Each structure stands twice: as structure tokens, then as C-alpha cells.
Amino acid sequence: MNQTIHCSVSSCRHHSDKNVCRLDTINVCPNCDCHSGKCDESMCGSYECCKK
């Protein structure tokens with residue numbers, strides 16, 4: 001599958017200036033003890049802080 005991962009988290013090392021993740025794949029992880037049924041239940045587990 002050829003897909004594009006859009007991301008606007010500019011503090012991530014893998015973020016490009018066109019709001020696209022440079023990684024080929026990402027790992028989506030659940031937030032601990034969160035069962036809200038909303039988007040705050042998960043987060044990108046592939047996030048790496050950008051060293052500025």
C-alpha cells in the first residue's frame with residue numbers, strides 16, 4: 001500500500017515543512033487509562049522530539 005501520513009506536529013523530528021511525516025510507517029499507541037471514545041484515546045508512538 002502506498003499511503004501518505006499527514007502530520008502537523010512540528011516539534012517531531014520526522015515532520016516535514018509540508019505537514020507530512022517522513023516515516024514510511026508510524027506506530028499508534030493508546031493513552032493510558034483513557035477510554036473516552038474520542039481522539040484523545042491515542043497518540044503517535046513514533047514521535048521523536050526535534051532537537052533544535
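1. Cys21 is a buried residue, with a relative accessibility of 13%, and this value, like the others in this note, comes from a predicted model. Because buried is taken to mean under 20% relative accessible area, the 13% of Cys21 places that residue in the buried class.

2. A search for disulfides across the whole structure returns zero. Cys21 takes part in none, and the cysteine sulfur nearest to that of Cys21 belongs to Cys7, at 6.0 Å. Since a disulfide requires a pair of cysteine sulfur atoms within 2.5 Å, the 6.0 Å between Cys21 and Cys7 does not qualify. Cys49 is likewise in no disulfide, the nearest cysteine sulfur being that of Cys50, 6.8 Å away. As to its surroundings, Cys49 is partly exposed, at 41% relative accessibility.

3. Ser46 is found in the segment that follows strand E2, which covers residues 42-44, and Ser46 is buried, its relative accessible area being 16%. When residues up to four places away in sequence are not counted, Ser46 touches His14, Leu23, Thr25, Ile26 and Asn27.

4. Thr25, one of the residues that Ser46 touches, sits in the segment ahead of strand E1, residues 28-30. With a relative accessibility of 61%, Thr25 counts as exposed, whereas Ser46 is buried. Apart from neighbours within four places in sequence, Thr25 is in contact with Ile5 and Ser46.

5. A further point concerns the backbone around Thr25: the C-alpha atoms of Thr25 and Thr4 are separated by 9.3 Å, although these two residues stand 21 residues apart along the chain.

Conventions:
Residues numbered from 1 in each chain as written. Predicted model: local features only at pLDDT ≥ 70, side-chain atom pairs only at ≥ 80, totals over all residues. Heavy atoms only, no water. Helix = DSSP H or I, 4+ residues; strand = E, 2+ residues; numbered from the N terminus. Buried < 20%, exposed > 50% of the residue type's maximum accessible area, 1.4 Å probe, protein only. Contact = heavy atoms within 4.5 Å.
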